[in-house]
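Biologist: I would like to learn how to read a protein model step by step. Could we go through one together, feature by feature?

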Amino acid sequence: MGDYVVESQEEAIRILRSALEQVVVLEGNFKYAVAEGIVAIEKQIPKKPMQSYYNEGDYVWECLTCGNTSEHYQKYCVYCGQRLD
Ligand SMILES: [Zn+2]
């Protein structure tokens, strides 16, 4: 295998997606675990929350992954764990 390094989160997701497609016979649990891994890595890639609406002098931010809103701009969505940009 050597010292292969996964260069980025996007590359890791691509590798896991192709693993899901290439392996024909997969245990249900294994397939589920790989899919969960893809979701977990995707949540580590910063995503800009959307300015949802104006409330008492400040914007309310909407997480584009889960759709929940927060009154404060935070590093992570408190509902789904999405990293925010
Ligand atoms: Zn969220």
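Modeller: We will take confidence, overall layout, the sheet, its turns and a few single residues in that order.

Biologist: What should a beginner look at before anything else, and how confident is the predictor here?

Modeller: A careful reader begins with the origin of the coordinates, and this is a predicted model. The protein averages a pLDDT of 87, and 92% of the residues score at least 70. Among the elements, strand β1, residues 50-55, has the lowest mean pLDDT, at 84, whereas strand β3, residues 69-70, has the highest, at 92.

Biologist: How many helices and strands does the protein have, and in what pattern do they follow one another?

Modeller: The secondary structure comes to 2 helices and 3 strands, and read along the sequence these elements follow the pattern α-α-β-β-β. The radius of gyration is 17 Å, well over the 12 Å that the globule rule gives for 85 residues, so the protein is more spread out than a compact globule. The box filled by the C-alpha atoms, taken along the principal axes, is roughly 55 × 30 × 15 Å.

Biologist: Which domains does the assignment give, and how far apart do their centres lie?

Modeller: The domain assignment gives domain 1 as 9-43 and domain 2 as 46-85, and the C-alpha centres of domain 1 and domain 2 lie 27 Å apart.

Biologist: What share of the residues is buried, and how can I read the contacts?

Modeller: Buried residues make up 6% of the 85 residues in the protein. For the contacts, one considers pairs of residues at least 6 apart in sequence, and of these contacts 27% join residues at least 24 apart.

Biologist: In what order do the strands stand in the sheet?

Modeller: The 3 strands form an open sheet in the order β1-β2-β3, with antiparallel pairing. Strands β1 and β3 stand at the edges and have a single partner strand each, so one side of each is left without a neighbour in the sheet. Between β1 and strand β2, residues 58-62, there are 5 bridges, and examples of bridge partners are Met-50 with Glu-62 and Asn-55 with Asp-58. Strands β2 and β3 are joined by 2 bridges and also run antiparallel, and there Trp-61 has Ser-70 as its bridge partner.

Biologist: Is strand β1 buried or in the open?

Modeller: A useful idea to keep in mind is that in a regular strand the side chains alternate between the two faces of the sheet. Of the 6 residues of β1, the number buried is 0, so this strand lies largely in the open.

Biologist: What should I look for in the turns between the strands?

Modeller: The general idea is that most residues other than glycine have a negative phi. The hairpin of β1 and β2 has 2 residues between the strands, and Glu-56, in the loop between β1 and β2, has a positive phi of about 50° although it is not a glycine. Because 6 C-beta neighbours lie inside 10 Å, Glu-56 counts as exposed. In the hairpin of β2 and β3, which has 6 residues between the strands, Gly-67 takes a positive phi near 85°.

Biologist: Where is Tyr-73, and is this residue buried or exposed?

Modeller: Tyr-73 lies in the segment after β3. A residue is called exposed if 12 or fewer other C-beta atoms lie within 10 Å of its own, and Tyr-73, with 12 such atoms, is therefore exposed. The C-alpha atoms of Tyr-73 and Trp-61 are separated by 6.6 Å, and the two residues are 12 residues apart along the chain.

Biologist: Which residue could I use to practise the same reading in a helix?

Modeller: You could take Val-39, which is found in helix α2, residues 28-44. Val-39 has 12 C-beta neighbours inside 10 Å and so counts as exposed. Val-39 and Gln-82 are 43 residues apart along the chain, and their C-alpha atoms are separated by 9.7 Å.

Methods: Residues numbered from 1 in each chain as written. Predicted model: local features only at pLDDT ≥ 70, side-chain atom pairs only at ≥ 80, totals over all residues. pLDDT = per-residue confidence, 0-100. Helix = DSSP H or I, 4+ residues; strand = E, 2+ residues; numbered from the N terminus. Domains from an automatic or database assignment. Pairing = 2+ DSSP bridges. Buried ≥ 20, exposed ≤ 12 C-beta atoms within 10 Å, placed from the backbone. Rg over C-alpha atoms; globule rule 2.2 N^0.38 Å. Contact = placed C-beta atoms within 7 Å.
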